[in-house]
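Visitor: Could you pick one part of this model and take me through it closely? I'd like the cut-offs spelled out as you go.

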Amino acid sequence: MSGDIMAKSCCKSQEDIANEAIKHALKALRKRHLAEEGAHAPALEALSRPIASQGSEWKEKAENLQLELQQCYKAQSRLSEQLVVEVAESRASKASVQEKEAAINDLQKELTEFRDESSQLRKDLEEKIKALELVISENAELKAQLEQMIVKAKNTEAENKMLVDRWMLEKMKDAERLNEVNALYEDMVERLKASDLEKLAKQQVDGIVRRSEEGAEFFLESTNPSTCKYRLQAHEGGCASALFVYNSSKLITGGHDRSVKVWDTNTGSLSSNLYGCLGSVLDLTVTHDNRSVIAASSSNNLYVWDVNTGRVHHTLTGHTEKVCAVDVSKVSSRHVVSSAHDRTIKVWDLVKGYCTNTIIFYSNCNALCFSMDGQTIFSGHVDGNLRLWDIQSGRLLSEVAAHSLPVTSISLSRNGNVVLTSGRDNLHNLFDVRTMEVCGTLRATGNRVASNWSRSCISPDDNYVAAGSADGSVYIWSVSKSDIVSTLKEHNSPVLCCTWSGLGKPLASADKNGVVCVWT
């Protein structure tokens with residue numbers, strides 16, 4: 001405001017000075033004009049006198065005075081023009097002063113706004129400083145807490161290390177105790193094997209194998225089946241696996257409808273269902289104490305049911321592709337082997353519930369079975385070879401070219417001396433286990449193996465072989481004659497599996513439509 005007042009006072013003083021100068025000039029011209037008129041008045045009066053003698057002199061003076069008067073008028077006009085110029089310049093100066101005053105006002109407003117903004121920024125800066133001080137204090141507290149936690153973590157790590165050392169010591173003690181128990185267990189198994197082999201040697205007489213009253217098993221001479229006793233619609237979408245319970249006429253079937261069923265073949269009725277499988281059942285086996293049923297599934301898992309309760313006791317996981325074959329040890333109900341399309345064969349411990357060994361091979365295994373000693377397994381592969389493995393070390397013991405196309409089935413004879421293989425080349429070969437040489441080949445016109453998992457079987461007395469065909473027929477061969485003895489026709493679709501009861505009869509077959517036929 002003081003600047004505005006000074007500017008206005010300055011402009012007014014300049015204008016007043018200009019006006020006073022103009023007025024002073026006008027007064028001076030008037031005084032001069034009056035003085036000149038006063039000076040000329042006597043001359044005029046004298047001229048008015050009729051003095052003839054001075055007429056020419058006065059006339060000359062009048063002309064001179066007239067000339068001076070004209071010069072005065074010219075000077076006055078020049079002063080007037082100068083005055084107009086001065087007035088115009090004064091007006092321009094006044095307009096310039098007004099513009100500068102407006103600019104000063106605008107600058108004053110901007111200055112006020114900048115002052116307000118500066119004060120607001122100062123307040124914001126003070127708030128930010130306070131917030132920064134708060135964050136710094138919180139950071140200091142967190143740093144102190146972190147140091148405390150680091151100290152606690154170091155203490156905990158030291159305690160954990162001490163606990164791990166103690167735990168490892170206890171585990172070593174447990175392992176030593178477990179080794180002692182395993183040694184005792186293996187000793188007992190060896191004794192049981194020796195006693196079982198001795199009993200088998202005593203029980204094989206005239207084609208009739210009898211077990212002691214403790215096992216309550218009677219293996220009668222097998223008969224050549226000819227009649228379909230029952231035709232059961234067992235599953236939807238096909239039945240790929242079937243087997244009889246040991247020393248029983250009960251039949252277990254597994255299908256693509258993810259169900260496992262138990263049938264009474266004496267009456268043809270359904271006894272029970274086993275639920276819980278999440279994929280198609282591709283193979284089945286049952287432990288020798290008839291307490292557990294194990295299914296290989298397309299869901300990449302194996303399922304173990306307790307037969308008495310009907311509930312899943314174990315779900316064995318570890319394969320990464322569908323599991324296509326499974327078998328249980330003939331010595332112990334504890335060990336199980338399985339094969340899958342992930343090119344692995346796995347050994348499982350049912351007591352522990354997990355895999356104990358894995359065999360990896362380049363050719364997928366379609367079928368497998370335990371040998372009589374429970375220490376080795378036979379496996380049939382897509383490349384057509386039959387292989388013998390040590391399950392403890394995973395070492396390949398022997399290998400023969402069994403078929404020109406994939407092996408689909410492996411069955412061991414009751415005495416354990418012969419293994420039956422079937423292949424996609426429509427041949428069924430009998431191998432001597434001791435030499436791994438072919439001791440018989442079975443074939444028939446019209447017999448065509450239906451799939452890579454078509455299961456054939458050998459009768460309990462080792463006299464017959466049964467295999468299904470893609471035309472829906474079941475072919476029966478005599479092992480001794482290597483010739484067809486009967487052809488059973490009841491199925492309307494390819495037969496996928498056959499199984500013989502350990503009692504000598506009946507024979508069961510299952511097809512791609514889920515129909516199961518019981519033959520006597």
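Guide: What follows is a walk around one cavity, starting with its lining and moving out to the strands and residues beyond.

First, the ground rules. The model is predicted, so local features need pLDDT of at least 70 and side-chain atom pairs count only at pLDDT 80 or more, while totals for chains, interfaces and linings use all residues. Residues are numbered from 1 along each chain as its sequence is written, and side-chain values use heavy atoms, with hydrogens and water left out.

Rolling a probe the size of a water molecule over the atoms shows where empty space is left. Here a cavity is a set of points on a 1 Å grid over the protein atoms alone, where a 1.4 Å probe fits but cannot get out. Points are joined across faces, edges and corners, and the volume is the space filled by probe spheres set on them. Searching the whole structure at 30 Å³ or more turns up one cavity, with a volume of about 50 Å³.

So what surrounds it? Lining residues, meaning those with an atom within 4 Å of a point, include T408, S422, H428 and V449. S454, R455 and S456 are also on the list, as are A467 and G468, and it ends with V495, L496 and C497. Strands are DSSP runs of E, at least two residues long, numbered from the N terminus. Two elements, β26 (464–468) and β29, give two or more residues to the lining, and β29 provides the largest share, three residues.

That makes β29 worth following outwards. It belongs to an open four-stranded sheet, in the order β4-β31-β30-β29, with antiparallel pairing; pairing here takes at least two DSSP bridges between two strands. β29 (495–500) and β4 (228–233) are the edge strands, and each pairs on one side only. Average turn between neighbouring strands is 20 degrees in another sheet, β13-β14-β15-β16, and 15 degrees in this one, direction ignored; axes are lines fitted to C-alpha atoms, with angles from 0 to 180 degrees between N-to-C directions. β29 is joined to β30 (residues 507–511) by five bridges, the two running antiparallel. The lining residue C497 stands opposite A510 in β30.

Now for the sulfurs, since cysteines turn up around here. A disulfide is a pair of cysteine sulfur atoms within 2.5 Å, and the structure holds zero of them. C457 has the sulfur of C498 as its nearest cysteine sulfur, but that is 5.5 Å away, so no disulfide by the cut-off. With under 20% relative accessible area meaning buried, over 50% exposed and partly exposed in between (1.4 Å probe, protein chains only), C457 counts as buried because its value is 6%.

Last stop, the start of β26. Its residues 464 to 468 include Y464 and V465, which V479 touches along with L430, D462 and N463, not counting residues up to four places away in sequence; contact means heavy atoms within 4.5 Å. V479 sits in the loop between β27 (473–478) and β28 (483–489). At 22% relative accessibility, V479 counts as partly exposed. Although V479 and L430 are 49 residues apart along the chain, 8.8 Å separates their C-alpha atoms.

Methods:
On a 1 Å grid over the protein atoms alone, a cavity is a set of points where a 1.4 Å probe fits but cannot get out, and a pocket is an open set with protein on both sides within 12 Å along at least five of seven lines; lining residues have an atom within 4 Å of a point.
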